[in-house]
Amino acid sequence: MHARQAPGGQSGQECAVSGLCPELVSRLLTTSTSRWMLAKAARHALPRSSPRPLCLRGVLNAERRSGKAKTTLSFARAAATSAIQPASVDDTNLIAFFDHPQAPQKTTAPTGIFGHRILTTPAAFNALADSTLRRAQLLTERILRARESRDELFKVVKNLDRLSDMLCGVIDLAELLRNAHPDPAWVQSAEEVYEKLCEFMNVLNTNVGLYEVLGVVLADQEIVQSLSPEAYQTALIFWRDFEKSGIHLPPAQRERFVALSTEILVLGRQFLNETAAPRPPARIKYSELQGVKDLGMGARLRLQAQVTKRDLLVYPGSLQAQMIMRSAPDEEARRKVYMAANSSTSAQVELLERLLHARGELARLVGRESYAHMALADKMAKSPENVQHFLDALMDHTRPYARRALRTLSLRKHSHLNTHPFPTIQAWDRDYYCPPEPPAPPVPLPSLTLGTVFMALSRLFQALYGVSLRLSEPSSGEVWHADVRKLEVVDEDLGILGWIYADLFARAGKPGGAAHYTVRCSRRADDDDEDNDLKYADSRDIEATRLSRSFDAERQVRTSRQNMTCQLPVVVLLCEFLRPSITRGPTVLEWHEVLTLFHEMGHAMHSMIGQTEYQNVSGTRCPTDFVELPSILMEHFLSSPAVLALFDRDSSLAVRPNSLHHEDPCRSIDTHTQILLAMLDQIYHSSSVLAPGFSSTEVLARLHDTRGLIPYVPGTSWQTQFGHLFGYGATYYSYLFDRAIASRVWRKLFFAEPLRRSVGELFKTEVLRYGGGKDAWAMVGTLLQSPVLTAGDAQAMAEVGQWRIEDEVSISDRH
């Protein structure tokens, strides 16, 4: 099992048990590293850090124009099916905004991080955490007293959501700052704030009183009927997450649950560290490098071996190892590198199996058959059986294409080695006979600067949703680095929807890859009834909570059109693009970087449009196997010449069909391998892990033998490098699942007229605006007019599995 892993990197750490902070769940799915970048860096590159905490969440084609007559196609002609509005002044201003590194800045009054006047120093952040902690304690006490007043019982769901927002608003900020801030003092402060509030979060996760009060609310039909669908969905999320935390167990079992959860956290961190641990080098002889196609590095390696008269030590993941896998004609050299790269110590295998066993034991403790049953209950899939329906159907559809691709590779191997017809393709043959290629646009394009891409994004959002991006000058002290750019997201009817802070340039100490952080969620705030939080507070409590109350007040905006006070969303995009300079000029993006930016902006637009009254279901706070749909769909738009026209502000350029653009012949092999990985993830989180003598390596070999196309290599144990087993335990299928749905949505709704406003409005009103406040199956079923999908059962999962994944533009390592 040597293929690239699908979901992208992760950041942050996991709280001991899941709960009140849903963004800490959805953030598992919002970081990106392109397949090509992974290939350039290391074959099995894995996340640098562990997943974000699960904090009190509920509880707290190209139209490839063949034709001989016409060989050119103007941007304007390409977009003839939909009228393209000329780029506005705001759109074109984005070009200079991102492309000129030293644009003059206006002198503004100093403020703190994200405009919070109190957050000017690391010490102030610690003080805010203390104030928030005391305020959260007072609100918790109010909820626990709710049974004393029927009026208070009607406010329980709202107050639980406020409690979640109160804590997550600081935790999410800490999570960003500890990853992005260049000042070690701020990083240290963020670490302390994060740990302090997560510890309190974990206490709330096991607060029996909160669970019992919510139980009273959900058992009262009058209260339930008074809840909006969104509020009821929020209540159910709280309830399910309480029960996931083992809160309904007797005291002794509850203590065991907490102990197991802590053990899983420790084992998971150790496992992630081991996934990145160096593997022993392969010893390559000089004779095994004869004929290497790489005339640069290959020639140097041959010369080194010839001069030293010694075997070369080639370390897995190194550039030399990658070169050998792609360029060495001698199969033995590639076999040695593969074996070294997929080796494990017995301790590494045992560590993974201890993690899987602890998860299985945890699930049994709460009455679930397996960890997969426990993890999937609140996902679109609902059960591991339904996941298997999807994966089986997808594999049945994909296998014929993958077999044909393997046959092509086999013909190449036969021609190369002059063997018997159709020799077996081994695991170390894949990259040699079908080298990974960087993604390319469907038509040749001029160099795309970062500012040009943001201009195109603004024009695309305006065409689809009536939403545009507008530059905004941050105040002094508002951002954590001079590179950070601030954008207003503006709806043509509603005005400002929220803000995007773009931290896009690489710098020392900044995490690699790409990520979408929700720093602030949307919610309604004018019905908070905050005064009653302090009903029993003394003067010391009022003073102690002052900073937290001021912090929240600064996040709220009165909207005249909706006549309510709302908390508007703030998101941050982190990327590692090359910084513009006076000598080098503006940042020019490679195509995979354009894809990455479109993907991440899909998440950002979900956060902006998905404005709900309850923050617990706003924007990307939705099921793991649904959250990637808007972002993957955004990648599809880059296959349309009509959309590519938006990169040109005056439609004066001509486009010629790209004769070099073709579908990767081995894409189906990669998709097939991703299906195998998803199946492996399901088996590893099934009840079989609790059976005596369970062997993760034997499971891997058996899966290859029964469902694989490339033989398992005895002596290898790649599973110890499958880092997503921790962050995506039992949910690794999610990216394949959302790829299939996004492909269907693109083909049925957008393909013919990708800029048609009525279709964009349909997606906006039926999917984006609900966030996680509506059943995901109901959203997809309504969007695609499919009663089969609306049912959300095994048949629906199998139906999605039968759809072709038509995402030639999609890169499977992006999140």
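Select residues 22-81 first: in this predicted model, pLDDT stays under 50 over that stretch, for which the model has 252 contacts beyond four places in sequence. Next, add residues 1-18, where pLDDT again stays under 50 and the model has 122 contacts beyond four places in sequence. Where pLDDT is low, the predicted coordinates should not be read in detail. The chain as a whole averages a pLDDT of 85, and 85% of the residues score at least 70.

**The nonpolar cores**

Clear the selection and choose Phe454, Leu457, Leu469, Ile500, Leu504 and Phe750. These residues belong to the largest nonpolar core, which has 129 residues, and they touch the most other members. In soluble globular proteins, nonpolar side chains tend to be buried together. Centre the view on Phe750. Which residues is Phe750 in contact with, leaving aside its neighbours within four places in sequence? They are Leu464, Leu633, Phe637, Val745, Val759, Gly760 and Phe763. Apart from the largest core lies another, of 67 residues; Leu139, Leu214, Trp499 and Tyr501 are among them.

**Helix α12**

Select residues 251-275, which form helix α12. This helix has 25 residues and reaches 36 Å from its first C-alpha to its last, close to the 36 Å expected at 1.5 Å a residue. Now display the side chains of its buried residues, including Arg254, Phe257, Leu260, Ser261, Ile264, Leu265 and Phe271. An α-helix has 3.6 residues a turn, so residues three or four places apart point the same way. What do the buried residues of α12 pack against? Colour the following elements to see them: α9 (208-219), α11 (229-244), α16 (346-365), α17 (371-376) and α28 (724-727).

**The disulfide**

Proceed to Cys434 and Cys666, which are joined by a disulfide with an S to S distance of 2.0 Å. A disulfide is a covalent bond between the sulfur atoms of two cysteines. A search of the whole structure finds one disulfide. The link of Cys434 and Cys666 is right-handed, with 130° about the S-S bond. The pair links distant parts of the chain, 232 residues apart. Cys434 is in the loop between α19 (430-433) and β7 (448-449), while Cys666 is in the loop between β17 (654-655) and α26 (667-684).

Are these two cysteines buried or exposed? The cut-off for a buried residue is under 20% relative accessible area. Cys434 is buried because its relative accessible area is 4%, and Cys666 is buried because its relative accessibility is 0%. Two other cysteines may be selected at this point: Cys566 is buried at 9%, and Cys622 is buried at 4%.

**Aromatic pairs**

The structure holds 22 aromatic pairs. Select Phe114 and Tyr501, whose ring centres are 4.7 Å apart. Why is this pair edge-to-face? The planes of the two rings stand at 85°, and an angle over 60 degrees counts as edge-to-face. Phe114 lies in the loop between α4 (89-99) and α5 (122-144), and Tyr501 lies in strand β10 (residues 495-505), so the pair ties together parts that are 387 residues apart in sequence. Phe114 is buried, at 7% relative accessibility, and Tyr501 is buried, at 3%.

Move on to Tyr733 and Phe737. Their ring centres are 6.2 Å apart and their planes are at 70°, so this pair is edge-to-face. Tyr733 is buried at 1% relative accessibility, and Phe737 is buried with a relative accessible area of 0%. Add Phe390 and Trp777 to the selection: with Tyr733 and Phe737 they form one aromatic cluster.

**Three loop residues**

Select Pro586, in the loop between β15 (570-577) and β16 (588-589). Pro586 is partly exposed, at 35% relative accessibility. Which residues does Pro586 touch, not counting those up to four places away in sequence? They are Asp99, Thr449 and Pro580. Then select His100: its C-alpha atom is separated by 6.3 Å from that of Pro586, although the two residues are 486 residues apart along the chain.

Next, go to Asp529, in the loop between β12 (523-524) and α21 (539-544). Asp529 is not a glycine, yet it has a positive phi of about 55°. Asp529 is partly exposed, with a relative accessible area of 26%.

Finish at Gln785, in the loop between α31 (776-783) and α32 (787-791). Gln785 has a positive phi of about 55° and is not a glycine. At 71% relative accessibility, Gln785 is exposed.

Methods. Residues numbered from 1 in each chain as written. Predicted model: local features only at pLDDT ≥ 70, side-chain atom pairs only at ≥ 80, totals over all residues. Heavy atoms only, no water. pLDDT = per-residue confidence, 0-100. Contact = heavy atoms within 4.5 Å. Core = buried A, V, L, I, M, F, W, Y, C linked by side-chain atoms within 4.5 Å. Buried < 20%, exposed > 50% of the residue type's maximum accessible area, 1.4 Å probe, protein only. Helix = DSSP H or I, 4+ residues; strand = E, 2+ residues; numbered from the N terminus. Expected span 1.5 Å × (residues − 1). Disulfide = S-S within 2.5 Å. Phe/Tyr/Trp six-rings, centres within 6.5 Å; stacked < 30°, edge-to-face > 60°.
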